[in-house]
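Work through the exercises below with the structure open. Each task is followed by a stepwise solution.

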Amino acid sequence: MNSGAKRWLLLAIVVAFVTSCFSASFNRYYLGVAIDVGISTIMAVSLNLINGHTGQFSLGHAGFMAVGGFTAARLTLTLSSSAPPDSAQGIALFVVAMLFGGLTAAITGLAVGLPSLRLRGDYLAIVTLGFGEIIRVVFQTSETFGAATGLTGIPKQTTLFWAMSVAAVTVYVVACLVNSTYGRGFIAVHDDEVAASAMGISPTRYKVTAFVIGAFFAGVAGALYAHHKQVLKPDGFDFMKSIDYVVMVILGGMGRTAGVIIAAVLLTVLPEFLRGFAEYRMIIYSLLIIALMLLRPQGLFAFQKKSQTRS
Amino acid sequence: MTEFFQQLINGLALGAIYALIALGYTMVYGVLRFINFAHSDVLMLGAFAAYFLAPVVQSAGTGASVFSAIFIVVIAAAICAVIGMLIEFLAYRPLRQRPKLTVLITAIGVSLFIEFTGQHKAVFGANTKPFPKLLPESTINFGAVSMQSNDVVILLFTALLLAGLWLVIQHTRTGMAMRAVSFNEKAAVLMGVNINRIISFTFGLGSALAAVAGIFYAMRSPGIDPLMGMKPGLYAFVAAVIGGIGNLPGAALGGLLLGLLETFAGGIPGVSNYRDGIAFAILIVILLFKPAGLLGRIQPEKV
């Protein structure tokens with residue numbers, strides 16, 4: 001499994017690199033959509049680690065994306081005068097900014113996770129939702145991050161290569177983590193917390209770990225997003241954006257990485273082609289959630305049966 | 001000092017609204033052990049019911065009078081009670097034996113469905129609509145303290161509703177059955193309680209209270225829109241958790257606390273920008289030190 005996964009990762013990065021060499025000749029609009037797909041994949045797969053594999057319910061994933069995006073963009077904006085975007089320093093700065101965004105998001109994730117992950121289910125959902133809102137309020141009032149207008153003029157650094165290879169790395173890390181000996185703990189916490197703690201697995205520790213790793217990748221995705229759209233507004237990271245990613249995870253099947261990737265691609269590409277029906281999008285989303293929960297709670301793209309079935 | 005009393009009345013009126021909503025959350029949690037995310041949208045529907053009813057009722061009667069206002073509130077509450085029971089019957093009842101997370105996700109789906117259907121231009125439309133005057137408004141001067149008549153009405157009416165609710169739950173057979181289901185569902189069934197009827201009743205009661213709260217909230221705000229329920233819904237939920245979810249006096253207490261907190265924090269320059277964050281910060285602190293809320297009891301976990 002492991003060496004196979006490594007080969008897939010390498011293949012994905014090579015494909016991303018090769019296609020990005022030709023990206024100059026692509027239609028700019030479709031190129032933008034393709035980058036969006038990469039970012040959505042990172043968000044959905046990292047959220048799947050928290051909501052799917054570990055069985056928690058976070059409604060504030062967009063908040064971590066905001067933390068990563070804003071801090072990374074602030075960093076590049078402050079230093080961009082000494083490192084022009086096209087130069088090697090510019091690219092190095094971008095990589096540093098991505099990591100910086102990921103790390104600040106991970107630290108925020110730790111700060112959020114430690115108190116709130118002692119709660120479960122519905123409490124956790126509302127606390128993460130609340131934290132997402134707090135993060136938004138903080139960015140909205142902070143002058144450093146442009147207050148309500150947000151940050152503008154962020155250098156365009158995100159290419160197809162970066163979006164796709166970070167997505168590949170995210171999928172790889174999450175898949176390897178969950179399939180490792182250590183990572184079985186996440187699934188144990190998901191299946192039965194009491195039994196897991198009886199086996200010497202600390203549920204809180206695993207939950208916080210999942211939260212921090214998920215937040216890290218959400219932060220990196222936020223950095224990619226900031227350097228893709230070049231404009232960041234606090235309003236863009238509200239509750240509804242978190243819901244977008246939650247829908248991807250539910251549709252793909254909680255805890256099914258492949259299904260979640262399919263859902264992330266579909267739910268990013270479809271709205272672009274259905275612009276005429278934009279006002280119906282959220283109505284359809286909500287009906288989809290209800291119908292899925294009533295008829296197919298394991299997710300639309302979960303074909304493989306899990307080894308253990310729970311009622 | 002005058003300002004303090006004015007803020008106090010303001011905060012109490014807002015807190016009363018939060019308390020009414022929080023009671024709905026807490027009652028549903030008591031019988032079903034899950035958070036009805038769609039509760040905040042029932043509140044919005046209550047306000048919209050009053051918005052559409054008011055011109056009809058007021059043109060038939062004598063304009064904005066006490067009687068027309070009571071009539072509007074009662075009909076809106078009845079409509080919302082039916083909607084609440086329908087939501088339970090269609091979306092939650094088929095899932096009763098499923099994991100709680102499934103029901104929670106469904107509740108979020110129902111909430112989004114109501115919000116976005118309401119925002120569609122063929123339904124309510126996304127723009128803010130001015131809420132009609134239900135009562136003749138005036139300013140009551142009490143010494144140097146002046147208060148809005150609406151706030152006084154809200155406080156009095158909420159006190160009446162809370163007393164009524166307490167009577168229903170403590171002194172009627174249905175109320176006793178509700179307490180029984182909340183205490184131990186299986187034992188209640190063995191004692192001959194019709195559980196479906198009780199859960200339905202609970203949703204109806206909670207939704208009717210939410211409708212009243214929605215109308216009160218609309219009376220105090222400049223206008224109504226399909227997303228108006230989100231903020232009071234979230235605050236009321238925080239109130240229910242702070243008071244100890246499943247605990248009725250706790251919900252009322254939490255609501256009043258949050259209403260006062262929001263009003264007083266809004267008056268302090270510098271803090272007012274972070275007002276929305278403060279409620280959640282307090283929620284987190286309380287959950288850390290008293291995970292069952294102020295008045296709740298910790299239930300030991302059994303395998």
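Accessible areas here come from the Shrake-Rupley method with a 1.4 Å probe. The model is predicted.

**Exercise 1. Find how much area chain B exposes, and what share carbon and sulfur atoms supply.**

Step 1. Chain B exposes about 13,600 Å².
Step 2. Carbon and sulfur atoms supply 68% of that area.
Step 3. Now take chain A: about 13,200 Å² is exposed, with 67% from carbon and sulfur atoms.

**Exercise 2. Test chain B against the radius of gyration of a compact globule.**

Step 1. The rule is 2.2 Å times the number of residues to the power 0.38.
Step 2. For 303 residues, this puts a compact globule near 19 Å.
Step 3. Chain B has 19 Å, so rule and model agree.
Step 4. Along the principal axes, the C-alpha trace of chain B spans about 60 × 45 × 40 Å.
Step 5. Buried residues account for 52% of chain B.

**Exercise 3. Repeat the test for chain A.**

Step 1. With 311 residues, the expected value is again near 19 Å.
Step 2. Chain A has 19 Å, which agrees.
Step 3. The C-alpha atoms of chain A fill a box of roughly 55 × 45 × 40 Å.
Step 4. In chain A, 56% of the residues count as buried.

**Exercise 4. Describe the secondary structure and contact range of each chain.**

Step 1. Chain A comes to 12 helices and 0 strands.
Step 2. Chain B has 11 helices and 4 strands.
Step 3. Take contacts between residues at least 6 apart in sequence. In chain A, 82% of these join residues at least 24 apart. In chain B, the share is 76%.

**Exercise 5. Check the span of helix 1 of chain B against its residue count.**

Step 1. Helix 1 of chain B covers residues 2-32, which is 31 residues.
Step 2. The expected span is 1.5 Å times one less than the number of residues.
Step 3. That gives 45 Å, and the end C-alpha atoms are 45 Å apart, so the two agree.
Step 4. Of the 31 residues in this helix, 23 are buried.
Step 5. Just after the helix, Arg33(B) takes a positive phi of about 60°.

**Exercise 6. Is Gln56(A) buried or exposed?**

Step 1. Locate Gln56(A): the loop between helix 2 (28-53) and helix 3 (61-79) of chain A.
Step 2. Buried means under 20% relative accessible area.
Step 3. Gln56(A) has 5% relative accessibility, so Gln56(A) counts as buried.
Step 4. Look at the surroundings. Residues touched by Gln56(A) include Leu117(A), Val189(A), Lys207(A) and, from chain B, Leu101(B).
Step 5. The side chain of Gln56(A) also reaches the backbone oxygen of Thr54(A) at 3.1 Å.

Conventions:
Residues numbered from 1 in each chain as written. Chains lettered and ligands numbered in written order. Predicted model: local features only at pLDDT ≥ 70, side-chain atom pairs only at ≥ 80, totals over all residues. Heavy atoms only, no water. Helix = DSSP H or I, 4+ residues; strand = E, 2+ residues; numbered from the N terminus. Buried < 20%, exposed > 50% of the residue type's maximum accessible area, 1.4 Å probe, protein only. Polar contact = N/O pair within 3.5 Å; in protein donor to acceptor, adjacent residues only side chain to side chain. Contact = heavy atoms within 4.5 Å. Lists of a residue's contacts leave out its neighbours within four places in sequence.
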